[in-house]
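Q: I'm new to reading protein models and would love a close look at one part. Could you pick up the sheet and walk me through what surrounds it?

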Amino acid sequence: MLNTIRIGRRALLAASALGGLAAPALSGRPVAAQAARSFRVGSLNSITGTGGTYGSGMLEAIKLGIAEVNAAGGAAGRRFELFAEDDQTRPDAAVLAAKKLVDINRVDCVIGIWSSAVALATRPITNAAKIISCNTCGSPELLSEDPNDLVWKYQASNSVFALAFSEIARRRQFKRPAVMSFNNSTFVGLGNHFRQDWEAKGGRIAASVVYEPNQTSYRTELNRILAANPDVVVLNSYTPDATIILREWYQSGQDCAFIMPGWSASEELIRALGPRVTEGILSISNVVADGHHAYASLAERFRRVRNHDPDIFAAECYDMVISLALAVEKLGPQADGPAIDRVMREITNAPGEKVHSFAEGKRLLAEGRTIDLEGASSSLHFGRFRETIPDFGIFEIRSGRLVRKDVLQGGLFA
């Protein structure tokens, strides 16, 4: 696990300088009084393990969001304080980390969860503590109307990803898709929803295989797929197992296309296999709202720290901080998890005046106006299951590079 990170005055000044933000004036209150009034943010990121490619950037975006909130004087007078843990992309490690955040650090929310397995394992802990939990996960099992559920989803669910995969396969005029899925709720759910949509619209699935993780070879499962002679394989996987599967497919010499989620068909996959093996793979991912002022502002600050633009997961984590802070601002200093849950849609969904930063939203709320937060990741219009749907980018791997070919509007699947 990561050591707990607290954003104190010195760290805030450094973060504010990086982000071009002015640090708030000290209140002159005793330290104990300031700590009592803080809003404690628990950050549960996949710094190591399968999600390690994304976790550190997600944590960085959370830090930048917290620096922005504190530079504007906090939310309802409450400074945001950060406590960070590494879930190791493992449910067992995540449960221990979540219990530490809830029971020892006494956090007011847990945000930044990347893995669906982690989100499902920690949901009972955060719900029992009556605190908000925010994730970038896609498992359909997280879509719940339970009134005691306080889990908010900033990434499209895999049921929606499956609709995007199906639409893209039809647009590319594939006729015989096969489905190969890693055995967990995220990928099995994605595969099942793809099959349901494809068959509901008159198509047939050539073959479907669920495989177990942590194998040195997937040749047996792959041969079952290739024996059906598919023209495209929907490969629902993480990068490590996809690397083995694609290498073995390439060695087979059989011609077919691949559609994959962007978190596995990534630059890391290209580096592992090289341009020849990965040529032509279709990589589908939610994409940032790069036309929004919120993303431009985040990207400018993020580049100063990381030397590259924030990805969709980092943008979603930043949006978690800003939307929570505006909910606290609207409610006042006594805001708690159930109250925040009740007002989240009021500050993110239309109607309202569009706002693009915490300071802008805080000013309008102080004037008694209704706001509609436009995030860095999407327009943040949450549905009945506390879920939102960013746009989908369609990328092809060409000559060792991910090239964006098209965008599907998330609203098509709302």
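How many bridges join strand E8 (residues 232–236) to strand E9 (residues 257–261)?

A: The two strands are joined by 3 bridges, and E8 and E9 run parallel. Val234 shows you one such pairing, since its bridge partner in E9 is Ile259.

Before going on, a word on what you're looking at. This is a predicted model, with residues numbered from 1 along each chain as its sequence is written. Local features need pLDDT of at least 70, side-chain atom pairs count only at pLDDT 80 or more, and totals for chains, interfaces and linings use all residues, while side-chain values use heavy atoms and leave out hydrogens and water. That pLDDT is the predictor's confidence in each residue, from 0 to 100. Its mean for the protein is 91, and 91% of the residues reach 70 or more. Residues 1–36 are another story: pLDDT stays under 50 there.

Now zoom out from E8 and E9. Helices (H or I, at least four residues) and strands (E, at least two) are DSSP runs, numbered from the N terminus, and two strands pair if DSSP finds at least two bridges between them. By that rule, 7 strands form an open sheet with mixed pairing, in the order E7-E6-E8-E9-E10-E13-E14. Strand E7 (207–211) and strand E14 (401–408) each have a single partner strand, so they stand at the edges with one side lacking a neighbour in the sheet. On average, neighbouring strands of this sheet are turned by 20 degrees against each other, direction ignored. Such angles run from 0 to 180 degrees between N-to-C directions, using axes fitted to C-alpha atoms (for helices, over the stretch in contact).

Helices come into the picture too. Helix H9 (residues 239–252) packs on the sheet, touching strand E6 (177–182), E7, E8 and E9, and its direction makes about 180 degrees with that of E9. Contact here means heavy atoms within 4.5 Å.

Helix H7 (residues 185–200) meets some of those strands as well: its buried residues pack against E6, E8 and E9, along with helix H5 (116–128) and helix H6 (158–171). Buried means under 20% relative accessible area, exposed means over 50%, and partly exposed is in between (1.4 Å probe, protein chains only). Among the buried residues of H7 are Phe187, Leu190, Phe194 and Trp198. At the N-terminal end of H7, Asn184 acts as a cap, with a side-chain oxygen 3.2 Å from the backbone nitrogen of Thr186. After H7 comes Gly202, whose phi is positive, near 95 degrees.

Back to the sheet, one strand along from E9. Again 3 bridges do the joining, this time between E9 and E10, which run parallel; Met260 has Ser283 as its bridge partner in E10. On to E13: E10 pairs with E13 in the antiparallel sense over 5 bridges, and Ser285 stands opposite Gly393.

Strand E10 (residues 282–286) is mostly covered, with 5 of its 5 residues buried. Leu282, Ile284 and Asn286 sit on one side, Ser283 and Ser285 on the other. Take Asn286: it counts as buried because its relative accessibility is 2%. Its side chain makes a polar contact of 3.4 Å with the side chain of Gln155. A polar contact is a pair of N or O atoms within 3.5 Å; within protein, one must be able to donate a hydrogen and the other to accept it, and residues adjacent in sequence count only if both atoms are side-chain atoms. A polar atom of the Asn286 side chain also lies 3.2 Å from the backbone nitrogen of Ala156. Beyond four places in sequence, Asn286 touches several residues, including Phe161, Ile312 and Phe392.

Finally, have a look at some loops around these strands. Ser266, between E9 and helix H10 (267–273), is buried, with a relative accessible area of 10%. Its C-alpha is separated by 9.0 Å from that of Ile397, even though the two are 131 residues apart along the chain. Ser399, in the loop between E13 and E14, counts as exposed at 63% relative accessibility. Phi of Ser399 is positive, near 50 degrees, in a residue other than glycine.
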